[in-house]
Amino acid sequence: MRPSRRAILTSATAAAVAATPGTAAARPHRHLRTGFERLAQDGYALLDGQKAGIVTNPTGITRDARHIVDVMHADARVDLTAVFGPEHGFRGTAQAGGSEGRYDDPATGLPVYDTYLKSGRPLADVFTASGVDTVVFDIQDVGARFYTYIWTLYDCMEAAALAGKRCVVLDRPNPVTGRAALGPVLHREFATFVGRQPISQAHGMTVAELARLFNAEFLTDPVPLETVTMSGWKRSEFYDASGLPWVPPSPNMPTPETALVYSGTCLFEGTNLSEGRGTTRPFELLGAEGLDRRWAAAANELALPGVRFREAYFAPTFSKFQGKTIGGVQLHVHDRAAFDPVRTGIALLVTAKRVWSGFAWRPDHWIDKLTGSARVRTMIDAGADTDEVVAGWQEDLAGFRRMRREYLLYR
């Protein structure tokens, strides 16, 4: 029997719907349907009679690589009246820390509003000015707490509640699987746009699952929320199982392999080492002037599961060490199921500090914002090894894992 429209679209029955058996993770998953595909398949019934505005970016595409804004604008069954652009912009023209501002989209004529660095009442005022009834969210996440799009989601949910709007979140795969939550949990006194609320560094959730958690656990005034789940996605699957094209969610996230290491190696943003920005392998290449083969050797001695380290030399075209040839490592993940990106990131920090006398944290202690507290920095400075640092967050992580379990939608 064909499920009812309500059964397909509401989060109340999402877990049962999402349990559709899938194929092996290494092969295209021909049966996976994203939240947008299921919304469109149902004739946009969830948006019937609503003026809709959508928060999206270049990752909001169909299986045949058309942008969903272009698709929705051309479809008389949906009244799309506004677009809301996050960091890097709706069409993706801005670099890290930038946005596109307010303009009319040349392709559709739709007004595009800038949401970047807006939250609370100022963002609620943007939603009010746009005249929409429903705020739709569809952006590809990469699974890390400090990747800002999930906090764009949080801010939009909070602002929509203030403005008296409803939210509809369209789900997409977590590209690095949804198997486990990993790493330190944010302490609230360290909250910023790279971490608004106490979740773990690698959250192991989809955006629809996070939306449910945010609404129930963190928002003072919950927003009227609907989540449109995927069908045919399994928590154990990596992005290549989806059969979907990969669009870089931001300029320095070029491949799913970047996302695989990002929740660990992004920690090097908090140091004086290059995190590989300005190379063709950001977050896979790490280095600085004065580093040499000793770092790769020290990291390989740890025999970390699923990854090997190669002595590497590179010259970033922008960001740290622009135009200079520097030494360091390249990560080579050979068993992604065994690989722990957060533990690996900590091990690389520990070994870099031990083999290179020039190692330093950024003066603003940005590392504390990325890890969610001062604990990682102070433990490494005190000489702690990788196991000791990882042990320091286990109690917090166990608490988050218990909380997270209630909001998971897929097996």
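Biologist: What makes Asp240 count as partly exposed?

Modeller: Asp240 has 37% relative accessibility, and because buried means under 20% relative accessible area and exposed over 50%, with partly exposed in between (1.4 Å probe, protein chains only), Asp240 counts as partly exposed. This is a predicted model, in which local features need pLDDT of at least 70 and side-chain atom pairs count only at pLDDT 80 or more, while totals for chains, interfaces and linings use all residues. Residues are numbered from 1 along each chain as its sequence is written, and side-chain values use heavy atoms, with hydrogens and water left out.

Biologist: Why is the contact of Asp240 with Arg336 called a salt bridge?

Modeller: A salt bridge is a side-chain nitrogen of Lys or Arg within 4 Å of a carboxyl oxygen of Asp or Glu; the closest N and O atoms of Asp240 and Arg336 are 3.2 Å apart, so the pair qualifies. Arg336, with a relative accessible area of 27%, is partly exposed.

Biologist: How many salt bridges does this rule give?

Modeller: The count comes to 21 salt bridges.

Biologist: How do you know that Arg91 and Asp105 form one of them, and is each residue buried or partly exposed?

Modeller: Their side chains meet at 2.9 Å, N to O, which is therefore accepted under the rule of within 4 Å. Arg91, at 30% relative accessibility, counts as partly exposed, whereas Asp105, at 2%, counts as buried.

Biologist: What makes Arg277 and Glu275 a salt bridge?

Modeller: The closest N and O atoms of Arg277 and Glu275 are 3.0 Å apart, and both residues are buried. Salt bridges that share partners join Glu269, Glu275, Arg277 and Lys320 into one network.
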